[in-house]
Structures are given as structure tokens and as C-alpha cells.
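Visitor: I would like to learn how to read sheets and helix packing in a model. Could you walk me through it?

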Amino acid sequence: MTDPSGEPPPRRTVDPRAALSTAAVEVAPEGTDPQLLGDVVAWLVAPRHGPTGLRRAVLRQAADEVAAAFRAALPDRPDADQAIAATSTLRRWAELGCRVALVGDPAFPGRLSMSWGHHTVPPLLAWRGELGDGPAAAIVGARRATSYGTGVAAWLAGTAARAGVRIVSGGAVGIDASAHRAAVDELGATTVVLGCGHGVGYPRVHATDGGLFDRVVGGGGAIVSELLPDQPPNAGHVRERNRVVAGISDLTVVVEGGQRSGALLTAGAAAEQSRTVLAVPGDVRVAGSAAPHRLLQEGAGICTHPRDLLEALGRDAGDGGGTDQGPAADPGTTSPRASSLPDDVHRHLVGAWPRSVLIDDLAAATGRATGPLLAAVTRAQVAGELTIGADGVRLRRG
Amino acid sequence: MTAAHGVLAAIHGVTLLGLEPRPVQVEASIGPGLPGLRLVGLPDAAVREAGDRVRTALQRSGFTWPGERLVVNLAPADLPKVGSAFDLPLAIAVLVATRQLPASAMTGTWACGELGLDGTVRPTAGQLPAAAGARDLGASRLLVPLEAAPEAALVPGLSIVPVANLAEVVAVLGGEQRPRHIEPAPVLLPDDGPDLAEVRGQPVARRALEVAAAGGHHLLLSGPPGCGKTMLAHRLRGLLPPLDLDAAREVAAIASLAGERAPDEPLSLRPPMREPHHSVTAAGLVGGGAGVPRPGELTLAHHGLLLLDELLETPRAVLDALRQPLERGQVVLTRARVRVRYPCRVQLVAATNPCPCGSLGSDTRPCTCRPDRIERYRSRLSGPLLDRFDLQLELRAVSREALAAPPDGESTATVASRVATARALAERRWGPGTLNAEVPVASLRRSCDPPALTRLADALDALGASARAFDRALRVARTVADLAGADLVAGDHVDEALAYRLPTLVGSA
């Protein structure tokens with residue numbers, strides 16, 4: 001078609017491929033080849049391409065080094081349209097404060113790279129915060145958790161975090177959030193693996209300003225996603241993230257989950273990679289105990305105390321879990337912390353732990369006047385001795 | 001004006017713009033022309049039909065209808081007139097204009113009432129506010145329908161002349177008959193409503209009710225169906241002190257205007273309580289309608305409780321309409337011709353389910369909602385709406401054992417006496433009738449022990465609560481201190497006040 005005005009068509013002033021490399025430099029950590037990263041992203045953003053196809057193509061190459069295999073697998077340099085799409089994707093990551101590395105790169109989590117070749121490891125990973133490289137334990141479970149489940153998850157995560165173990169889990173509400181929160185409260189680093197891209201902000205409660213995700217990043221942890229920035233949290237993506245959770249952890253603990261829980265996928269992925277799987281026994285009457293009980297039946301280790309977790313990691317359990325005899329032992333005896341709560345109230349909460357107690361029941365059990373009891377509970381909450389949730393108050397074990 | 005044209009009659013009536021009375025003068029004049037009636041001065045349909053009613057009523061009561069041209073003007077001409085209460089002044093104006101009644105008979109006397117075709121004088125809605133308005137506008141005597149007389153007689157400083165029909169009107173005004181004596185409607189003390197002693201368990205909710213009653217705080221109850229939200233809300237009514245006479249008259253006037261009150265009903269000192277269904281519209285809630293807007297549920301709950309069950313099922317736009325009136329204590333409804341102001345000093349009690357299916361947190365029924373839906377559901381509670389509720393409470397279903405057990409709590413009378421003492425303390429501090437919930441924050445701060453303020457700020461910081469929570473907690477703490485008989489708000493009071501907040505996250509540690 002001719003231009004009636006006779007002016008020449010506007011010329012592209014910047015070469016799309018050059019722009020792609022520039023954008024890749026902004027998100028590539030040390031040791032990652034920006035040009036290769038740009039080419040991989042360009043391949044991934046092309047229609048009907050995905051990480052699985054890329055993996056397959058890369059694995060077909062007979063190169064020793066992953067990077068070389070990538071280079072061999074990618075057809076030609078991306079065309080201009082792909083380059084433009086990839087540039088905006090990389091810019092989006094940069095906006096979100098993410099860094100992106102390819103599998104095999106020095107910045108890519110070592111445990112995940114190790115499995116490359118015979119496991120479904122993502123070709124690239126985008127993260128906010130610090131990934132860290134110490135021992136890591138995945139604590140996973142249902143979103144629809146009981147107060148027992150969230151209580152145990154918080155206990156395990158808090159104790160492990162104090163022993164210097166990084167906690168890894170999904171970003172969901174329930175067990176995941178409980179574990180992250182307990183670890184962050186103990187100033188531990190945690191890794192949140194998202195089931196969506198970084199730009200999506202799901203689940204919303206955790207992705208808000210000052211929400212759990214911000215606290216994780218602020219506490220030296222990381223938010224991780226293998227997905228492009230705006231990919232939604234659909235069922236497939238959420239399921240897939242479970243193998244990343246298992247892949248970047250030394251062991252996996254399943255706290256609560258139904259018969260078809262995603263926690264079983266995490267445990268399965270961990271077992272495939274010959275990593276330890278532990279399960280926390282639950283209440284036999286509760287549907288959410290199905291997953292851990294099935295794992296126990298299939299040979300998973302039992303986890304009834306943070307000590308079990310730390311021993312499986314080969315770490316000294318001395319300072320965290322206490323040296324008491326029983327798993328459900330009185331946290332009052334293991335905790336040297338003096339309580340600001342009245343004795344009888346404290347005793348009652350200790351007896352119920354890790355379950356929550358409604359303040360109504362607390363008042364009935366102790367016979368105390370409601371007003372002063374509420375005041376005492378608030379004081380203890382401010383002092384960090386207990387947490388208050390929809391299902392009542394629970395002692396924080398430490 | 002010549003005698004041939006008859007007398008120019010001018011009879012006083014009253015119309016209501018909302019609760020505000022406006023004087024209306026009904027003027028009638030007979031002049032030469034074809035027989036007929038011309039009614040001017042912005043009459044609505046009911047007023048226009050008055051002509052036919054009055055004509056038939058007069059004729060059937062044995063009076064004559066002029067065989068000339070009759071012009072009736074409702075002055076001021078630019079004020080919209082609504083309803084059938086102008087029948088009686090209109091009939092009297094015609095009687096005076098046709099010299100069937102001396103004009104002097106109506107000096108200082110106002111009239112309102114509807115006419116039946118046989119001459120009966122019938123009551124209309126809003127007789128009480130109309131009578132009060134007539135007095136305020138300078139009437140010394142008011143002709144009212146016999147049936148409505150007990151209600152009108154509640155207005156002090158106004159002589160009420162009850163009339164049953166037109167013949168009686170003329171007889172009484174002409175001095176042939178003594179006006180009937182009428183007793184004002186009796187004053188009814190609050191009867192025994194549902195008692196707090198019947199509530200099993202729920203000590204936290206009981207305490208929250210006590211605090212709510214003492215401070216006038218808006219209360220939000222969240223809990224599964226059947227946990228007793230409505231039951232508790234009903235018992236809050238019993239904890240409120242009885243209304244004083246002025247407030248009771250105001251409440252009765254509003255009910256009378258809305259047509260929700262029988263004229264011979266006793267004057268109740270019980271604070272009103274309204275429970276609109278959650279499908280209520282914004283107009284139904286704050287008032288509205290064609291012509292002069294009618295009072296809504298909010299105004300009908302003036303000096304009492306507005307109970308909103310299933311708060312989150314009510315459309316957001318409807319709830320938003322509540323915000324400004326709640327803050328100001330009055331609703332202003334502006335229409336093309338009128339601007340109506342209704343009072344609404346209301347204590348709001350709202351109940352909501354914890355999740356869409358309602359079973360979250362229940363031990364017996366598992367919740368079937370997806371977690372993200374729960375999140376979304378609860379997020380609708382956030383922000384400006386949640387900020388209205390000083391007291392927020394998460395309730396749980398009472399266990400079967402507790403239900404079977406004998407009642408274990410205090411009675412309404414016991415708690416109500418503590419509430420009365422606390423309210424008296426607050427009134428001594430802020431002035432008569434002022435509740436802690438209405439006091440500006442600056443004044444609240446002055447009645448606080450400074451360390452308590454620091455403690456509140458520190459605690460909110462530690463709990464990650466918003467700055468808006470500060471004011472709410474401070475108000476509640478003031479009430480808690482009043483209940484404890486303390487002059488200054490101390491740390492303990494602040495700590496308790498902080499406990500009346502909904503946990504922000506579901507099932508999280």
C-alpha cells in the first residue's frame with residue numbers, strides 16, 4: 001500500500017534485538033548470559049511455546065553444558081516481533097524488581113540445577129529478594145487448614161528458622177502462610193514459590209503492601225516463580241509449582257492435606273529426587289489428615305517434633321526443639337519465656353496447644369471476668385506470646 | 001370585597017415536609033360565576049380530590065354547598081401540599097365563606113383531618129408531628145379526628161378538640177356543644193423483652209453488648225448461622241436506658257408520619273429497633289419516594305437500634321448510603337421542590353456470616369468455600385464500612401453441652417444498671433445525652449492517662465493495625481473505663497478495647 005502523503009514510513013530507530021539484550025542485562029544476575037536469557041525468553045513468549053517444549057528441545061542436545069545446550073536448541077535469533085514481546089516481558093520483570101536466571105547458571109538454585117536432565121526442572125526462574133544457599137526445608141499443606149495444622153506448621157517453621165534452616169513453601173493461605181509467618185517472626189529467611197507470575201499479586205492478602213510477601217523479602221527471603229510475569233494462578237500452574245518447592249528444598253514436610261492435596265505432589269516430586277519426605281500425623285477424624293497419613297503409610301518419615309525435621313537435615317536440634325521426651329509435651333516446660341498471662345490461663349492454653357482456644361471457652365474454664373481476660377490476652381498478643389485467629393487464641397511455642 | 005361576594009374565609013392547617021411543619025392557610029371565596037370549585041396552590045392528587053369529598057360530606061351532613069363559583073387557595077402557593085389532611089380545614093373554610101359558621105369561631109384554632117363522604121372526620125398519617133407543628137407555629141387549639149386525639153394530646157401546650165364528624169365540628173365551634181375531654185395516650189414503660197440471662201455461654205459477646213450499650217458503639221457480629229447473632233442483638237435493646245419523654249415523642253412522631261403507629265397506641269419509652277431485610281433498597285433504608293420523601297428505616301430507628309442482618313448480602317451501594325447519615329445523625333433528602341431533613345441518631349448492629357457458606361470455623365459443619373472466595377467475601381467488609389464499627393466480634397456456635405446447661409449469665413436488669421451508671425459518668429463528662437461513640441477524638445484523648453495513649457499506639461504498631469483503629473480503640477477504651485468507674489482511661493482499658501477487633505486473616509497463625 002502506498003502512502004498518499006508521500007512521506008516515507010517511520011523507521012525503527014532501535015534494533016529490536018539490541019533492545020532485547022539491553023532489557024535482559026537489567027534482570028540477569030552475575031553469571032547469566034543476558035543475550036542467551038533474552039533468546040530463551042523470546043522463545044518462551046512465542047505463541048504455543050512453553051517451558052516443557054524448551055526443556056525437551058534442550059535435552060535432545062548432546063552438549064555437556066546446559067548453556068551450550070540452550071544455544072544449540074534455540075533455532076535462530078528471534079524475529080523482530082518476538083524480540084519486542086520478550087523485551088516487554090523482561091522490562092516487566094525489571095519493574096517488579098525481579099532477577100531472572102537460566103538453569104545451570106551460578107545464580108540459579110543449585111539443588112534445582114542438580115536435578116536438570118532427569119526431572120521437570122524449569123528452564124528459568126525469576127525471583128525477588130535473596131535465594132540463599134543454606135539448608136532448606138519445605139513445609140507444605142492445605143489451604144483449608146485446621147488450627148492444629150497451622151499451629152504445628154508454625155511450630156516446626158519457627159524452630160527450624162531459629163536453627164538457621166530456610167523454610168520453603170507455596171504462597172497460599174493456610175499451612176503455607178502459617179509456616180512463612182512463623183519463620184519470618186523468628187527473623188528467618190523463607191522462600192515463597194508462586195503458582196503465578198510475579199506481576200499477578202495472588203493471593204491478594206499476601207501480595208498487598210506490607211503483606212506477607214513484602215515481609216518475606218524484607219526478612220532476607222525470596223519470592224520465586226518459574227512463570228512469565230503475568231501468567232495467572234490457574235490449577236496447572238499451581239500444581240507445577242509444587243515440584244519447584246520440592247526441588248529447591250533438602251526435605252519436605254507435609255502437615256495437612258486432603259486426599260487430592262497438592263502437598264502430595266510436592267512429596268512425590270521430593271521422593272522422585274530421593275529427598276527426605278516427612279509427614280505430621282493428624283487427627284484421624286479430620287479429612288485434612290488424609291495426605292500425611294497416606295504418606296506415612298507409603299514410608300514417609302514421621303515428624304512429631306521440630307527435632308525430627310532438624311535431624312533429617314543432619315543438624316543439631318539442641319537449641320530449637322528442646323530436649324523433652326514427648327512430641328506433644330508441655331510447651332511451658334520447654335519454653336524458658338516467662339508468660340505475662342495469668343497462670344491458670346497460661347496452663348489452659350498450654351493444655352490445648354497446638355489447638356486454638358476460644359476466649360469464650362477460656363473464660364468459662366478459668367472463671368475469670370471477660371473484660372480483664374480480654375485485656376490480658378491482648379497484652380500477651382502484643383508481647384508476641386500468642387496469636388489470635390478466627391478460631392481463637394493459641395500460644396506461640398518457642 | 002363586597003358582601004355580595006360573601007366572606008373571605010381563611011382557615012389554618014399544617015403540612016409536613018418530613019418532620020418539619022409548614023403553615024398552610026386554606027382560603028375560600030365565593031363569587032359570581034358558574035357553580036363549581038376551583039382549587040389552586042400546588043395540590044397533589046389526594047388534595048385535588050378533596051373537593052369532591054368535602055362537597056359530598058357537607059351536603060350529606062345537612063349543610064348547603066354554594067350555588068356560585070367557589071375558589072379555594074392553599075397558601076403559600078409554591079409549597080407542595082400532600083395528603084388528605086386538608087379536607088377538614090377546607091370544609092370549615094367553605095362553611096365560613098357561606099356564612100354557615102361565624103369566622104370568629106376559628107380564631108386561634110387550626111384544623112387537620114380527612115373527611116368521609118358521610119361527614120366523618122378521619123385520622124391521617126403524621127397526626128402527632130402535625131399537632132406538634134401546629135403548636136410550634138402558633139396554634140392554641142387544634143381540631144383533630146376523634147380517633148387520633150390521644151396521639152395529638154401527647155403534645156403539651158396545645159388544646160385538642162376531638163371531633164367525630166362535621167356536625168360535631170359546627171356544634172362545638174358554634175358553642176352549642178362542649179368539646180369532648182380526651183386523655184393523652186398513656187406512657188408505656190419498657191416491658192420485659194428477651195432477657196440476657198437466657199443466653200448460654202458467649203461471655204465475650206455479653207461483655208461486648210454491655211460495652212456497646214454503655215457507649216452507644218456500633219457493633220459488628222460475625223459468625224456462622226445459628227450462633228445467636230440476632231438473639232444477642234435483640235438483647236442489646238433491653239440494655240439501653242428508656243427514652244426520655246421528648247425522645248419518645250420524637251420517635252412516636254416519626255412512626256406516626258410513616259403510618260406505622262396506631263393513634264391510640266401508648267407512648268413507648270422503649271428505644272425503637274428496626275430490622276430491615278438485607279434486600280432493602282437505599283431509598284428504603286435512608287428514606288425517599290415521590291413527592292415529599294418518606295422516612296426510611298434509618299430514621300425509624302432514631303434513638304434506637306438499626307439491625308442489619310446478613311450485612312454482606314446487602315449491596316455495597318446501599319450500605320454506602322448509610323455512611324454520611326450515620327456520621328451526621330441526620331438524613332437530608334433533596335428533591336426538585338423539597339428538601340427534607342430526618343433525624344437518625346442510630347446505633348447500628350450488623351451481623352454477617354464469616355464466609356459465603358457460613359460454616360467457617362464451625363466444628364460440626366465443614367466450610368465448603370474456596371479459600372480465595374472467603375478472602376474476597378471478607379475483603380468486602382474492609383475499609384470505610386468496617387471503620388464504622390467500634391466493636392467487632394467473631395462469634396462461634398455454642399456447644400451442645402452449653403445449650404443444655406442451665407443459664408449461667410447475668411440478667412438484663414443487672415447489666416442494664418451497670419450500663420446506666422457508665423452512661424451517667426459519660427454524660428457528666430461530655431454533657432447530657434452525649435455518648436462516648438459521638439465524642440470527638442481530641443476530647444477523648446484529654447480524658448486518657450498519657451501512658452495509656454502510648455501503650456495504645458505501641459500495641460497497634462505491634463499488631464500491625466491501621467491508624468484508624470486508634471480512634472476506635474480509644475472510644476471503646478473510654479467506655480470500658482466508664483464501666484469500671486474510672487476517671488482516666490488506663491492501660492487495662494485500652495488492652496480490652498483492642499480485643500474487639502476481627503482477626504484479619506482466616507486460619508492463619
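**Reading a sheet and a helix pair**

Guide: Happy to! Begin with strand order: in this predicted model, chain B has an open sheet of 5 strands, arranged 13-14-17-11-18, with parallel pairing.

Visitor: Which are the edge strands of chain B?

Guide: Look for strands that pair on one side only: here these are strand 13 (273-274) and strand 18 (391-394) of chain B.

Visitor: How many bridges join strand 14 of chain B to strand 17 of chain B?

Guide: There are 4 bridges between strand 14 (residues 305-308) and strand 17 (residues 347-352) of chain B, and the two strands run parallel. To find your place in the pairing, look at L308(B), which has A350(B) of strand 17 of chain B opposite.

Visitor: Which strands does helix 8 of chain B touch?

Guide: Helix 8 (residues 229-239) of chain B packs on the sheet and touches strand 11 (219-222), strand 13, strand 14 and strand 17 of chain B. The direction of this helix makes about 175° with that of strand 14 of chain B.

Visitor: Now for two helices. How are helix 18 and helix 20 of chain B placed, roughly parallel or roughly antiparallel?

Guide: Take the crossing angle first. The axes of helix 18 (residues 450-463) and helix 20 (residues 491-498) of chain B cross at roughly 30° and come within 9 Å. Angles under 35 degrees count as roughly parallel, so that is how these two helices of chain B lie to each other. Their crossing is right-handed.

Visitor: Which residues meet there?

Guide: From helix 18 of chain B, A452(B), R455(B), L456(B), A459(B) and L460(B) meet G491(B), D492(B), V494(B), D495(B) and L498(B) of helix 20 of chain B. By class, the contact residues are 6 nonpolar, 1 polar and 3 charged.

Notes. Residues are numbered from 1 along each chain as its sequence is written. Chains are lettered from A and ligands numbered from 1 in the order in which they are written. This is a predicted model: local features need pLDDT of at least 70, side-chain atom pairs count only at pLDDT 80 or more; totals for chains, interfaces and linings use all residues. Side-chain values use heavy atoms; hydrogens and water are left out. Axes are lines fitted to C-alpha atoms, for helices over the stretch in contact, and angles run from 0 to 180 degrees between N-to-C directions. Angles under 35 degrees count as roughly parallel, over 145 as roughly antiparallel, 65 to 115 as roughly perpendicular and the rest as oblique. A crossing is left-handed if the near helix is turned anticlockwise from the far one by less than a right angle, and right-handed if clockwise. Contact means heavy atoms within 4.5 Å. Ala, Val, Leu, Ile, Met, Phe, Trp, Tyr, Cys and Pro count as nonpolar, Asp, Glu, Lys and Arg as charged, and the others, Gly among them, as polar. Two strands pair if DSSP finds at least two bridges between them.
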